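Here is a short report on a protein model and its ligand. Please keep the structure open while reading.

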Amino acid sequence: MKEWTREARYRKVEDATVEELEMLKETVQNSQYRQTYHIQPSTGLLNDPNGLIYFNGEYHISHQWFPLGAVHGLKYWDQYKSTDLVHYSHDTTILKPDTQHDSHGVYSGSAFEFEGSLYYMYTGNHRTDTWERKSAQVVAKVNEAGQVEKLLPPAIPEPPVGYTQHFRDPKVFMRDGKLYALIGAQRINETGCAVLYEADRPEGPWSFKGEIKTSLTDFGYMWECPDYFQLNGKDILVFSPQGIEADGDRYNNIYQSGYIMGELNFETLEMTHGEFKELDNGFDFYAPQTFTDEANRRVMIGWMGLPDTDYPTDSEGWAHCLTVPRTLMIEDGKLKQKPHMHLRKLRGHRETALGYANKFLKQMHPYEGERYELIVEILDNDASAMEFHLRSNKNESIVIRYETNSQTIILDRTESGQLPTPVESMTRCAQLDTPLRQLRIFVDTSSIEVFCNEGERVLTSRIFPKSKANKIKVATDSGQVYLKMTKYDIEEGQQDE
Ligand code: FRU
């Protein structure tokens, strides 16, 4: 495995030779794990989705990017565009580390529209000679010629008093004619929180309004990637806290992503809210960001990966992808996440079958596939537990297990092929609010996204099957289950690189 010195990690892609980049591209293209309908880096490492916006009839989707290898190095924003949210084409590397303020990375941020123009606010990450971190929030404007101009000096040059340099990931939104920037922060006592700034115009001045006052006063050491929006009159604060201990089936990943829902008073910044809930119960989900689509639906895209974890594709010069877009809505007072309706546009050949599954693990019609959307409807269930084995052959499977009495859904990665490391345990579980009726599962070459009961829970994971494991099998522990299965193939080459 390549040793990554600090120098190599902070090398600019502009300083790489054409031959070096070509070789890297070729290694990446030979990877057996390349995705087909998820945004993934052409080379190097992708992390957080950034600058998501529907602007002038197009979706702009950028992501954190270190182009030169599968490590967290010098970050750029690489951008894709789409007219339908599901077919993307690579646009350009929209933000580059080319100023003193972002000399060590153009970190995460958001996009917003103001008086018909497109703007970004992102975190400029700078390291001093003694490797001290300096965080500034920079506004950039897309000018009439379509070029991005950074508006310097930074809009928010340093953290407010009482907070450390872990101060990043501004999410800008408009409310009652004012601009707000919500920023992830760390108090000097090393606990995480989110703070709010306001301005009348993107150029500023930006003034510090204060900290969002939640009841989570000691909840991890840093809150990354905060987001705020209203849905059905409820205020929702999304963030990715670091430093939360595992608690039974909760918080099993290295870092978490979740939300609190309630009422936020913009005068006092007090938020009354329910408990913190994880947005995803799978192995690989972090740093999500939301935006509104062409019909004003609230859509979320996450990073299908986690920091501080090695992935099987690292040695192939690339890592990670984004999730499919999910629509957020509130039903019966609960936040639901559903596959975005435009994902239907990916549907190809369809197969449907009705059948009983019992305790003998058997291949079920539809029999196989490597990339597909699978809808499982549970029409009658007197099984104690049922299992769906996907991407399966003799030795490998990713297993989705449902235990009827406890209404628990379990994703078991034990035999799914190569595994990321280090990762605590081989299973992830979630308790459903109602008995399992439906699963909608998106499988790509190296990922699985399982939506349960019309968005009650989602479990997202990378999987790295070693071979062409592609069978679809079903079994119960005892008793039987009557199922309807519908599979839509998703054609290869949906992503235009
Ligand atoms: C989250 C994060 C952000 C930061 C970015 C750097 O994954 O750590 O807080 O802006 O990634 O790539």
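The report below covers the ligand site, then two sheets.

## Basis

This is a predicted model. Distances, areas and pairings below are computed from it.

## Ligand site

The ligand occupies the largest pocket. On its own, the ligand would expose 320 Å². The protein buries 92% of that area.

The residues around the ligand are Asn47, Asp48, Gln64, Lys75, Tyr107, Ser108, Arg168, Asp169, Glu224, Tyr286 and Trp303. Three strands each supply at least two residues of this shell: S1 (44-55), S5 and S9 (163-175).

## Polar contacts to ligand oxygen

Which distances separate ligand oxygen atoms from polar side-chain atoms of Asn47, Gln64 and Arg168? For Gln64, a side-chain N or O atom is 2.6 Å from an oxygen atom of the ligand. For Arg168, the distance from a side-chain N or O atom to a ligand oxygen is 2.8 Å. For Asn47, a polar side-chain atom lies 2.9 Å from a ligand oxygen.

Asn47, Gln64 and Arg168 are also listed in the shell around the ligand.

## The mixed sheet

One open sheet has 5 strands. Their order is S4-S3-S2-S1-S20, and the pairing is mixed. Strand S4 (89-95) and strand S20 (318-319) are the edges, each pairing on one side only.

S1 and S20 run parallel and are joined by 2 bridges. Gly44 has Trp318 in S20 as its bridge partner. S1 links this sheet to the ligand site: S1 stands in the sheet order and supplies at least two shell residues.

## The antiparallel sheet

A second open sheet has 4 strands, in the order S5-S6-S7-S8. Here the pairing is antiparallel. Strand S5 (106-114) and strand S8 (148-156) form the edges, and each pairs on one side only. Neighbouring strands are turned by 25 degrees against each other on average, direction ignored.

How many bridges join S6 to S7? There are 9 between strand S6 (residues 117-127) and strand S7 (residues 133-142), and the two strands run antiparallel. Within this part of the sheet, Gly124 stands opposite Ala136 in S7.

S5 ties this sheet to the ligand. S5 is an edge strand, and S5 supplies at least two residues of the ligand shell.

## Summary

The ligand sits in the largest pocket, with 92% of its exposed area buried by the protein. Strands S1, S5 and S9 each contribute at least two residues around the ligand. S1 belongs to the mixed sheet, while S5 belongs to the antiparallel one.

Definitions and conventions: Residues are numbered from 1 along each chain as its sequence is written. This is a predicted model: local features need pLDDT of at least 70, side-chain atom pairs count only at pLDDT 80 or more; totals for chains, interfaces and linings use all residues. Side-chain values use heavy atoms; hydrogens and water are left out. Two strands pair if DSSP finds at least two bridges between them. Axes are lines fitted to C-alpha atoms, for helices over the stretch in contact, and angles run from 0 to 180 degrees between N-to-C directions. A residue is near a molecule or strand if one of its heavy atoms lies within 4 Å of it. A polar contact is a pair of N or O atoms within 3.5 Å; within protein, one must be able to donate a hydrogen and the other to accept it, and residues adjacent in sequence count only if both atoms are side-chain atoms. Accessible areas come from the Shrake-Rupley method with a 1.4 Å probe; for residues, only the protein chains shown count as cover. On a 1 Å grid over the protein atoms alone, a cavity is a set of points where a 1.4 Å probe fits but cannot get out, and a pocket is an open set with protein on both sides within 12 Å along at least five of seven lines; lining residues have an atom within 4 Å of a point. A molecule sits in a cavity or pocket if more than half of its atoms lie within 2 Å of its grid points.
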